[in-house]
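Here are a few exercises to work through at your own pace. Have a look at the sequence and the structure, try each task, and then compare your steps with the solution.

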Amino acid sequence: MLDLARRAAELVVQRIENLPDDTAWEGEFKQGLDAQFMQDPPEEGRPAADVLEWAARDILPIATRLDHPRCFGFIPTSPTWPGVLADFMAAGYNPNTCTWLAASGPSHLELVVVDWLRRWIGYPDSAGGLLTSGGSAASLDAFVAARERAGHPERATVYMSDQSHSAQVRAAHIVGVRPECVRRVPSDGRFRLDMDALARAVADDRAAGFNPIAICANAGAGSTGTIDPLEAMADYCEAEGIWLHVDGAYGGFAAVTERGKQLLAGIERADSVGMDAHKWFFQPYEAGCLLVKDVGRLENAFAVPHDMLQDTIWGGNHPNVSDRGLQLSRSFRALKIWMSVQTFGMAAFRRAVSRGMELAARAEDFIRNSPNLELLNPASLGIVCFRISPAGAGLDDAALEGVNRTVLARVFWEDRAFMSSTRLRQTFALRLCIVNHTTTWDDVRETLETVERFGAEALPRMGES
Ligand SMILES: Cc1ncc(COP(=O)(O)O)c(C=O)c1O
């Protein structure tokens, strides 16, 4: 095992070293993969070293390299190496962080890490939570707590902006909110939830006999990085007695910086907040977190006694984390966050998060100054949306969409960078999400220059009829 572990570490390190010269995306059609791998499991084993090399050569690289410095698609992640080693250690020691009895050291470390996050977002001592697989699970657990606080009513409704992530919609469905009762509230010109529209929707629903159980705010919407009006939403939810959940899966960790704290002002007034350390806190998957302002609400919603687990009850001071969410058996997620922060210190994390925002702001300037690019939404946190749209080209939206799709595909197949797109209202938008601690301005600038060049080549030649 020691020899294999050394080889595994060597492979991971080599990969990281070679990453900048590699492409950010690699993929394969199913037919090709079927031919290689869709086989019965072998009856007899083969040398472990061969299996390791096989996986490293033919399986692991066939994926988007989310930690590539030019990976700007969707919401990428770039794990720090202490986090990677922590996951290896956690698997090797394999504690089950379900209960205090099963794993008091790891359970305690989870309390420590959750408490760090609690303080970063400005929550009171009464708050607590748990680490989850990610933002989807955090929202699911939050909506369960919200539903229970509302008394598990019939005809439950949930509200979120038209920019909210599909994970929120899915979580609402899973907790029993009928699809037609998930209200998508219109957003304003900057893609922030429209408060008047929210108030109207809630009032209309109440008059019609529906029961609002939760309102969901974006702290970094996936498409645009938009932050909803958190203070106004908190005022409204307090006045109306409705649970406010903040989806900070992407943007929540901006709270570790001074600028981010200002942008997220009001987050501390929410009933619950979800944050993904596997997005903007540089951890390998899976590392989400749900914080609930009154952690008792979470335990009321999830703790279910079971005779077989009676030995695990150690009293209020020794929480069983499994009483706070969906999972009983749980991996030791806290270790990676703790080991990374202990290794680098918070100053390094603050610099790395700030850098994403700074690079996005520089990308915005570049786009504003380019005669061939059009800014579609200013940088928000680390995301900027734009398209190729040369001044005076006289192309309509459909033609521009064609040009931009062509360019996106060329970046995908021909360039080292990886980008993705979104739709802002009806407009097709290219989108950069800059959250990698190894990304430099040259990475961003050269990617934008490539987009400009491919754009010039894709445009129908001016003057041709
Ligand atoms: C804004 C936002 N919310 C929620 C989610 C879902 O989180 P996860 O994929 O960690 O479950 C994502 C995922 O990218 C996201 O960007």
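**Exercise 1: The ligand shell**

The residues of the shell around the ligand fall into three nonpolar, seven polar and three charged. Keep in mind that this is a predicted model.

*Task.* Find which residues come nearest to the ligand, and which helices each supply at least two residues of its shell.

*Solution.* Start with the 13 residues around the ligand: the nearest are Gly135, Ser136, Asp247, Asp276 and His278. Next, turn to the helices: α6 (135-149) and α11 (277-280) each contribute at least two residues to the shell.

**Exercise 2: Polar atoms and burial**

*Task.* Work out how far the polar atoms of Gly135, Asp276 and Lys279 lie from an oxygen atom of the ligand, then find what share of the ligand the protein buries.

*Solution.* Take the backbone case to begin with: an N or O atom of the Gly135 main chain is 2.9 Å from a ligand oxygen. Then go to the side chains. Asp276 places a polar side-chain atom 2.6 Å from an oxygen atom of the ligand, while for Lys279 the corresponding distance is 3.3 Å. Finally, the area: the ligand taken alone exposes 390 Å², and 82% of that is buried by the protein.

**Exercise 3: Two helices that pack**

*Task.* Describe how α5 (residues 104-120) and α13 (residues 334-344) pack: at what angle, and which residues meet?

*Solution.* Begin with the geometry: the angle is about 60 degrees and the axes are 9 Å apart. The crossing of α5 and α13 is left-handed. Now list the partners: from α5 come Leu109, Glu110, Val112, Val113 and Trp116, and they meet Ala334, Leu335, Ile337, Trp338, Val341 and Gln342 of α13. Sorting the residues of this contact gives nine nonpolar, one polar and one charged.

**Exercise 4: Backbone details in loops**

*Task.* Is the peptide bond from Tyr285 to Glu286 cis or trans, and where does Arg155 lie?

*Solution.* With omega near 0 degrees, the bond from Tyr285 to Glu286 is cis. Glu286 belongs to the loop between α11 and β7 (288-292). Arg155 sits in the loop between α6 and β2 (156-161); its phi is near 50 degrees, a positive value in a residue other than glycine.

Note on methods
Residues are numbered from 1 along each chain as its sequence is written. This is a predicted model: local features need pLDDT of at least 70, side-chain atom pairs count only at pLDDT 80 or more; totals for chains, interfaces and linings use all residues. Side-chain values use heavy atoms; hydrogens and water are left out. A residue is near a molecule or strand if one of its heavy atoms lies within 4 Å of it. A polar contact is a pair of N or O atoms within 3.5 Å; within protein, one must be able to donate a hydrogen and the other to accept it, and residues adjacent in sequence count only if both atoms are side-chain atoms. Accessible areas come from the Shrake-Rupley method with a 1.4 Å probe; for residues, only the protein chains shown count as cover. Helices (H or I, at least four residues) and strands (E, at least two) are DSSP runs, numbered from the N terminus. Ala, Val, Leu, Ile, Met, Phe, Trp, Tyr, Cys and Pro count as nonpolar, Asp, Glu, Lys and Arg as charged, and the others, Gly among them, as polar. Axes are lines fitted to C-alpha atoms, for helices over the stretch in contact, and angles run from 0 to 180 degrees between N-to-C directions. A crossing is left-handed if the near helix is turned anticlockwise from the far one by less than a right angle, and right-handed if clockwise. Contact means heavy atoms within 4.5 Å.
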